[in-house]
Amino acid sequence: MPEPQHLISIKAALQQKRMPMYRKIIRWVWRLSILGIAAGIALFLGISFSAIPSFRELENPNSALASEVLANNGEVLGRYFIENRVPVTYEELSPNLVKALIATEDERFRDHSGVDATAVARVLVRTIFLRDQSAGGGSTITQQLAKNLYSDRNFSGMNKVERTLALIYQKLREWITAIKIEKSYTKEEIIAMYLNQVEFVNNAYGIRAAAEVYFGTTQDKLKTEEAATLVGMLQNPSRYNPNTYPERCIRRRMVVLYQMWRNGYLTETQYDSLKVLPLDMSRFKKVTFSDDTAPYLCAELKKDVDEILDSPNARKSNGAKYDIDRDGLRIYTTIDPAFQRHAEAAMMEHMQVNQKRFFQVWRNRDPWTYRSRDTKPEEIELRKNELWRQIRAGDRYQLLWPKYLGVLSDRIQETYEFELRDADIQRMMAEEKDGKTISEFVAKGWTTPEMAAAYREIMRSRDWPEIKRQWNALQKDVMAQFQAKVPMTVFTWENSRHEKDTVMSPYDSLRYHRMFLQTGMLAVDPTTSEVKAWVGGINFKHFKFDHVRTMRQVGSTFKPFVYATAIAQQSISPCFQVYDLAVTIPAHYQNFTTIADWTPKNSTGTYSGQLLTLKQALKGSVNSVSAYLMKQMGSPEPVRGLLNNMGVDSTIRRPDGQFRIPKQPSICLGAADLTVWEMTAAYATFANKGLYSRPFVIKKIEDRYGRVIYRSQPEEHPALPANVDYVMLEMLKYNLLGAPGIRDLKSEVGGKTGTTNDYSDGWFMGVTPRLVVGTWVGGDDRWIRFLSLTDGQGSRMARPIFADFLKRLESDKSAGYDYNARFERPPGDLNIEIDCSKYLDESLPAGDEEDFAPDIYNDQLPLDGDKSGPATRVKPAGKKPDAGFGDEFEGGR
């Protein structure tokens, strides 16, 4: 039935009445649509131009890159890092790795332009609408790379709406970034950038570090199952950590292998064989600084690099300073890996022998309380204090200190503007006991008058009794903790790991580790001044302190400098003869500043009376002959000057204000503290025709882009005339005639041993035409020593390490060591006779005619101030002294 006319009229009238409203709604819909489109375009443009990283940031994201220390063949010796990350190129990736990554993370990687529409649609339908949480993610490899460029994905504190809007914004930003990346880089570059940025836990950042840490290989040599393991970790590195969750990791690896088979990268046979393989973690090794090939070198080198980077000439293009832990520097060194390995092997073999004998000697003895005839109570107290100093430097003590003295320390700081330390409390307690400690400290320059006044004011304050009470309570608590036995891992020579698990108190552990003998060893090519090997101690993990740059008393290794100075000044022959009799240098004699007569003894306290050539005296380390030569020079300055020319700064003073190379005649016996570095550099002068050339380790430093920011510059100057230098080489060679371990070497070798008072330091300085090696052995504490010359001399402690090192080099043809090289005699007449069969002594030295029993010569340094017997005054035969030459050796004042 047709609708009535009146109803039609009513509807038409109503529609006509509503028409303006409809038109208004339509207009607003259009306005909102256009505004939405404009807002979307504006948002897109805003994200594109304001929030997207630049090309440079995409290539070099703000992630820390490890700096590498490289050997002379490019081998990595060590790294400095906040994040152990070293970038690689696509060409350096294993094909297995690339296939596993694409098959698992982004099947259509080669087809899309940054955003995979198919994957996004799958996520929207299955995850959002169907609530299927197993649908997987829609992010492509490029999107994941884009995501890694941002660090603002923290939604905490947001409500649901805010989180949704933030997530939409971030997703849009990642899509835009991914598209921009795809337009700017090849697929291969994108894969490399992605794998360089991902983290694999266990201090492995980037694929190169991951391959090294988990499988002990490089990223280009990863097997299929290894590549599948690492790619499987990308979903959640902690959850699929193969070292922590092996079963879970195997299941994840199987998923990756299945994806590789499903995408045609593996045959069914390959898949079936690979999926049942066990997880091999035998080569897993978490990277730490202790794992560097040359950890002592790397630790010391970092100080040098930091100093170089402080230079205005070694800055970034924007003027900023490089950060060695973050900026991916490449530090090229002179270290030869073969030399380094042989040096460490020789050290370990013979330090085990030294340590075994040391423990035998000290069985049922305590080095901290042991007394010899000359031990004074002050020395025992010094040992005790040093042990306490080690305790107070430890973590346990530092954690307890604020509990007892934190509040008091803050109050003292506020009241007196004085930072209260352990040493300060000890000084004030000693002052309270004897009433003179503070005055003595001021008199000796160990503290200032202002600080002394602060000490006395604090001692008069109401806080002082409480400070003492809390201090004593702290010491009591510390000792209780240090004496409680706990499980721990300690160093040992008993196995190849050099560790053993035991139960021991921290106090006993401290004493146990302090009783290990240490070593410092440096090998330098004298023709190039390149450092070839650096061994700073026996085990970096347990003993961090480097001994190559540590000052120790050098003993008789100093004597060749005295002989070289005398021969240079007077042109005397090494065949010149001197009686082994007591020699006295009177107080204020000529240019000496001694305030008392000085008569050194030989190590046994007697003199043989034998007539000795200079080379015999040097070989036997006869102290009386060294004193005789020093007396002939009339001043210590020529010797100090020669040392200055050989790279040892004689102007440097010790903390007590005294010169490091004393202006005393006792330097002729080695009464100077020098480093292995300095001694090796000086001895390298003998092997380099008398030319001093400063040794160096760093060849150059490059930044991550290959820009050279530092290059080593040679430093060389004459130190000894060539004829004198050759004479010294002949004497150093004579020193080693028939020496055990030396006579079997193929190299032409010279050298000198050194042993100091109480056998605290054993040295050997060895020279060959192509290698100079300095070796020191001793305890970190000077009372950690042998008790007899038989065990504690340099020829027993240090020389075997050198001999074994050289023997290993000679046997290793691949090492490139030239044992056929020989020292070159300078052209023309030496003007110094070195053939003792031809040498004619025009006047026999004067001396007593009384017969003396022969003595056994060694290189122990006697105590200064010993006085016995008359002086022997002998004028050398042959050429008169060249007064002018001595001026070249004047030391700094």
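Buried, on this tour, means under 20% relative accessible area, exposed means over 50%, and partly exposed covers what lies in between. Keep those cut-offs in mind as you click through this predicted model.

**Stop 1: a pair across the chain**

Select arginine 252 first. Is arginine 252 buried or exposed? Its relative accessible area is 11%, so arginine 252 is buried. Now add glutamate 105, whose side chain makes a salt bridge with arginine 252; the closest N and O atoms are 4.0 Å apart. To see how the pair links distant parts of the chain, colour helix H3 (residues 95–105), which holds glutamate 105, and helix H10 (residues 246–262), which holds arginine 252. The two residues are 147 residues apart. Glutamate 105 has a relative accessible area of 17%, so this partner is buried as well.

**Stop 2: arginine 357 and aspartate 791**

Next, select arginine 357 and aspartate 791 together. Their side chains meet in a salt bridge, at 3.1 Å from N to O. Which parts does this pair tie together? Arginine 357 belongs to helix H13 (residues 337–361) and aspartate 791 to helix H27 (residues 789–792), so the salt bridge ties together parts that are 434 residues apart in sequence. Switch on a surface and look at each partner in turn: arginine 357 is partly exposed because its relative accessible area is 37%, whereas aspartate 791, at 8%, counts as buried.

**Stop 3: glutamate 499 and arginine 497**

Move on to glutamate 499 and arginine 497. Here too the side chains meet in a salt bridge, with 3.7 Å between N and O. Glutamate 499 counts as buried at 12% relative accessibility, while arginine 497, at 52%, counts as exposed.

**Stop 4: a network**

Now select five residues at once: Glu68, Arg79, Arg208, Glu212 and Arg330. Salt bridges that share partners join these residues into one network. If you would like to keep exploring afterwards, there is plenty to choose from: a search of the whole structure finds 46 salt bridges.

**Stop 5: a positive patch**

For the last stop, show the surface again and select Arg23, Lys24, Arg27 and Arg31, which form a positive surface patch. Then pick out arginine 27 on its own. Where does arginine 27 lie? Arginine 27 is part of helix H1, which runs over residues 5–51. With a relative accessible area of 42%, arginine 27 is partly exposed; a residue needs over 30% to be counted in such a patch, so arginine 27 passes that cut-off.

Terms used: Residues are numbered from 1 along each chain as its sequence is written. This is a predicted model: local features need pLDDT of at least 70, side-chain atom pairs count only at pLDDT 80 or more; totals for chains, interfaces and linings use all residues. Side-chain values use heavy atoms; hydrogens and water are left out. Patches are made of residues with over 30% relative accessible area and no salt bridge: like charges are joined within 9 Å, nonpolar side chains (Val, Leu, Ile, Met, Phe, Trp, Tyr) within 5 Å. Accessible areas come from the Shrake-Rupley method with a 1.4 Å probe; for residues, only the protein chains shown count as cover. Lys and Arg count as positive and Asp and Glu as negative; His and the chain ends are not counted. The place of a charge is taken as NZ of Lys, CZ of Arg, CG of Asp or CD of Glu. Helices (H or I, at least four residues) and strands (E, at least two) are DSSP runs, numbered from the N terminus. Buried means under 20% relative accessible area, exposed over 50%, partly exposed in between (1.4 Å probe, protein chains only).
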